[in-house]
Amino acid sequence: MASRHQDLPVILHNDKRGLLTVEDDKLDVLQLSKDGRPPKRLLSCPLRNFLFAKLAASSTSSPDKLGDNRRLDLHSLGGSGGLKNDTSSLKLVKLHVLVEPVNAPEAEEWVETIMSSSYRGIKRSKRVLLLVNPVGGKGKAKSIVHDTVLPILQSAGCQVDLRETTHRLHAEEIAASVELKYDVIATASGDGLVYEVLNGLASRPDARKALKIPIAPIPTGSANAVCTNLFGVKDTFNIPLATLNIIKGQILPIDLCSVLLLPSLTRRFCFLSTALGLMVDLDIGTENLRWMGDTRFMYGFIKGIATMKTCKAKIQLNVVEDDKVSMARKARDKVRERKGSKILGAGINPLVNKMNGINIAEESVEGNNSVVITDHETTSVGSQDGEQQPSKVTNGNGTTTRKDDYVPDHGPIPESKPLQPDPNWVTLDTSGASSGSAPKRSSVGSLRSNRTMTLENGHSSEIQQVPKSGQWVDGEGMLYFYAGMMPWVARDLMQWPVSISGDGLIDVVVQSVVPRMMMANAITGAEKGEAYWMDCQHYYKVSEFIVQNLDKAGQPIFTIDGESFQWDEFHVQVHPRIANLQSLNGGFYVSDFLQKHDDKV
Ligand SMILES: Nc1ncnc2c1ncn2[C@@H]1O[C@H](COP(=O)(O)OP(=O)(O)OP(=O)(O)O)[C@@H](O)[C@H]1O
């Protein structure tokens, strides 16, 4: 790593002697004393937060002021104490010092060293398309962008193309037609703008190429679930950190889902969630309360459990796994894998980057007949032309078939067709038809509880077993259905704690109707994902699913990524790792749920 030869003697702004040192992935600006006292540290910042160093050409120095000295500009995000993990007080720091002629050759080398060490594997001076929604969240996006975001981006040498959205779906229109010349698309708004950008990019004839441009959100909306997943609960609304992510973020491949609405055959793309029941009411029913920020969702939740309205649907799931202990273990193993592979500094091990691009849901679940395997190459900034492979499905008999028809790397996303469930799909009837009587077993049950057996006469028969604890039983009422693709849906709700980014699977929660007190108690710990372990919260990892509306008058609306749609029926399938976000560490924020090792796992 950095060593003593990267020390650079300089003259500080106060004419005192100084030393710039780059060591242990950290820049220190020291003021030296003449009397042998220890140097005074004026700035200390991890290289991850360092933005820009520029040594003026000797000819451009003003001889009057500087003599033969050359000006060296240093731009960084500094925080209290400069600790790597202290992200709470990040702010833009601009320093300039002078380099004496005798040190000029060394200074040129020093500038290149600090720039390459702080941008390891990351493109410098990115071209940024910045979309700003002036009405998202509390309506402060414009001032936040002008006061904080733009100065940081400009200090890092980024070229910013700023466009303000003027109407609903404007961001989608822009993304659908914009020239693909940007390194990153930043959205100053909430999750809605990310959804629009992804839909715009995914609708293009060159969707696969367009979706390689990563998206970096700036949290000026209400919930900003993407930011919670990227930066954690504490830093969800940390604007300087999110801006740093535009500059220094690494590619994080994510899955997109096609949601096909029937009978219209309209398709929308989803990157975060689809919801029915209470989760729709608490989002759409509180839109007039945007001024509350994300508190409006908690208000909606409490209101929802007070009314306890059930949701009636027929749900068909192609389940890959439904064992909570095993799902938690796999998600935790994934975190350990990632942790073990980090290297010091501003980058991560390129080998790990490679690994992140493969190894998706490849573990076969006992008795499962449909394991999604994908083998996409990881994309990286500046290599937007990397070939992407189609996803495949390995069947129980070991044969491998293409799941999507192969489309070349620059082509569109193939059209969605209505799904054809087979007898191994799990069917849940949430109409509660048998309420009042003893609930009966679900029509197919779980992967392990009900299997299809071929009889000697060639007919098949279902082997019925007693449902295990926590398994859905037809006749239960459903409070909500929530399918998601990243752990947090808001700061106070980690609905899918075992969700693994880009694994080609959707995490589905079916929440049974339970006594109000039990739901109210579930609020405590919801942000930590503790409700996951409740038996009344049925949890499945699925590769595709269908939902039919059994009460169109009573529940006309469902949501895709928080946007509402009228519905009769919808079919959902995954396009693994087809889109990209930016993340400072190349992954989602690791929750305590995944860090801790309790006795369940
Ligand atoms: N100028 C505008 N006037 C009216 N609506 C707009 C304008 N620009 C964007 N929109 C719409 O604003 C809506 C809300 O945006 P967004 O979802 O990003 O913020 P939010 O709802 O506050 O945050 P979150 O989704 O995180 O709760 C989107 O549907 C978007 O299309």
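**Ligand shell.** I sorted the residues around the ligand by class and got five nonpolar, 14 polar and four charged. The model I am reading is a predicted one. I then listed the shell itself: 23 residues surround the ligand, and the closest are Gly 136, Ser 189, Gly 190, Gly 192 and Gly 221. Helix 5, residues 191-202, gives the largest share of this shell, with four residues.

**Domains.** I looked up the division of the chain and found domain 1 (4-118), domain 2 (127-248) and domain 3 (259-329 + 419-574). Between domain 2 and domain 3, I noted 16 residues of the former in contact with 20 of the latter. On the domain 2 side, helix 5 and helix 7 (225-231) are the elements that give two or more residues. Helix 5 supplies the largest share there, seven residues. I split that side by class into seven nonpolar, seven polar and two charged residues.

**Backbone checks.** Most residues other than glycine have a negative phi, and most peptide bonds are trans. I looked for departures from this.

I found a cis peptide bond from Leu 262 to Pro 263, with omega near 5 degrees. Pro 263 sits in the loop between strand 12 (250-262) and strand 13 (266-270).

Leu 169 is not a glycine, yet its phi is positive, about 70 degrees. I placed Leu 169 in the loop between strand 9 (159-164) and helix 4 (170-177). Leu 169 counts as partly exposed because it has 14 C-beta neighbours inside 10 Å.

Arg 577, also not a glycine, has a positive phi of about 50 degrees. I placed Arg 577 in strand 29, residues 569-583. Arg 577 has 28 C-beta neighbours inside 10 Å, so I logged Arg 577 as buried.

How values were computed. Residues are numbered from 1 along each chain as its sequence is written. This is a predicted model: local features need pLDDT of at least 70, side-chain atom pairs count only at pLDDT 80 or more; totals for chains, interfaces and linings use all residues. A residue is near a molecule or strand if its C-beta atom, placed from the backbone, lies within 6 Å of it. Ala, Val, Leu, Ile, Met, Phe, Trp, Tyr, Cys and Pro count as nonpolar, Asp, Glu, Lys and Arg as charged, and the others, Gly among them, as polar. Domain bounds come from an automatic or database domain assignment. Two residues are in contact if their C-beta atoms, placed from the backbone, lie within 7 Å. A residue is buried if 20 or more other C-beta atoms lie within 10 Å of its own, exposed if 12 or fewer, and partly exposed in between; C-beta atoms are placed from the backbone.
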